[in-house]
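Ready for a few exercises on side-chain contacts, salt bridges and a pocket? Have a go at each task before you read its solution.

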Amino acid sequence: MSSSPAVPEAFAHLTDLASDVTGAFVLYATDDYFAEKENLLKPSAPLWLEGKYTDKGKWMDGWESMRKREPGHDHAILRLGTPGDIHGLLVDTTHFKGNAPQEVSLEAIEAPDTATARELREHQGWVEILPRTAVKSDFPNVLGLAAGSARATHVRLHIYPDGGVARLRVYGVVRPDPRT
């Protein structure tokens, strides 16, 4: 069994708002044909299992979409386990060599915990907090934000155009619902 991935030093003082331990989960992905979207939030470091295959190809420990045959890109929507101000990300493409996205971006929104995937997909209130940014394949990409965002409850990770991301960590400062 692999250990948990190391927290980037730049984010050591922050909380992983997307930890599955605190109730984060992936609500939706445009495509997860090769590897399930839920793998993005696994607490362990990504695994490589030599010789392991599925009926769809090489088994991969992460979220992986099919190659685009038309214009567009893929994205996934996550409900954060803990709402807060986002200061940085770890977009880990470890073990995704020829099939990692070339760029990523991130949007955030404050929405009710009960918001459905459909409601979130159609919502006009998404705010881009990380513009399209190049990422390396087979690498734990540490991406800081210029300034903390407004309180977010959900994020939408865009991958351009498609490919695989092993893990996503969303680091920030916890900001509970002011009503509680």
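**Exercise 1. Find the side chains that make polar contacts with Glu 107, and place Glu 107 in the fold.**

Start with His 158: its side chain makes a polar contact of 2.7 Å with the side chain of Glu 107. A polar contact here is a pair of N or O atoms within 3.5 Å; within protein, one must be able to donate a hydrogen and the other to accept it, and residues adjacent in sequence count only if both atoms are side-chain atoms.

Next comes Arg 156, whose side chain is joined to that of Glu 107 by a polar contact of 2.7 Å.

Before going on, note that this is a predicted model, where local features need pLDDT of at least 70, side-chain atom pairs count only at pLDDT 80 or more, and totals for chains, interfaces and linings use all residues. Residues are numbered from 1 along each chain as its sequence is written, and side-chain values use heavy atoms, with hydrogens and water left out.

Now the placing: Glu 107 sits in strand β7 (residues 103-109), strands being DSSP runs of E, at least two residues, numbered from the N terminus. Glu 107 counts as buried at 15% relative accessibility (buried is under 20% relative accessible area, exposed over 50%, partly exposed in between; 1.4 Å probe, protein chains only).

Last, widen the view to contacts (heavy atoms within 4.5 Å). Leaving aside neighbours within four places in sequence, the partners of Glu 107 include Trp 126, Glu 128 and His 154.

**Exercise 2. Work out which residues share a salt-bridge network with Lys 37.**

First, the definition: a salt bridge is a side-chain nitrogen of Lys or Arg within 4 Å of a carboxyl oxygen of Asp or Glu. The structure holds 11 of these salt bridges.

Then take the pair Lys 37 and Glu 38, where the closest N and O atoms are 3.1 Å apart. Lys 37 is buried, at 16%, while Glu 38 is partly exposed, at 43%.

Finally, bring in Asp 32: a network of salt bridges links Asp 32, Lys 37 and Glu 38. As for location, Lys 37 is in the loop between β2 and β3.

**Exercise 3. Say which parts of the chain the pairs Lys 42–Asp 61 and Asp 162–Arg 67 tie together.**

Lys 42 and Asp 61 form a salt bridge, 2.8 Å from N to O. Lys 42 lies in the loop between β2 (25-29) and β3 (53-54) and Asp 61 in the loop between β4 (57-58) and β5 (63-64), so they tie together parts 19 residues apart in sequence. Asp 61 is buried at 2%; Lys 42 is partly exposed at 27%.

In the other pair, the closest N and O atoms of Asp 162 and Arg 67 are 2.5 Å apart. Asp 162 belongs to the loop between β10 (152-160) and β11 (164-165) and Arg 67 to the loop between β5 and β6, so this bridge ties together parts 95 residues apart in sequence. Asp 162 is buried at 2%, and Arg 67 is partly exposed at 39%.

**Exercise 4. Describe the residues of the lining of the largest pocket.**

Sort by class: the lining residues divide into four nonpolar, two polar and six charged. Among them are Arg 79, Glu 110, Asp 113 and Arg 179. By element, strand β6 (residues 74-92) gives the most to this lining, with four residues.

Methods
On a 1 Å grid over the protein atoms alone, a cavity is a set of points where a 1.4 Å probe fits but cannot get out, and a pocket is an open set with protein on both sides within 12 Å along at least five of seven lines; lining residues have an atom within 4 Å of a point. Ala, Val, Leu, Ile, Met, Phe, Trp, Tyr, Cys and Pro count as nonpolar, Asp, Glu, Lys and Arg as charged, and the others, Gly among them, as polar.
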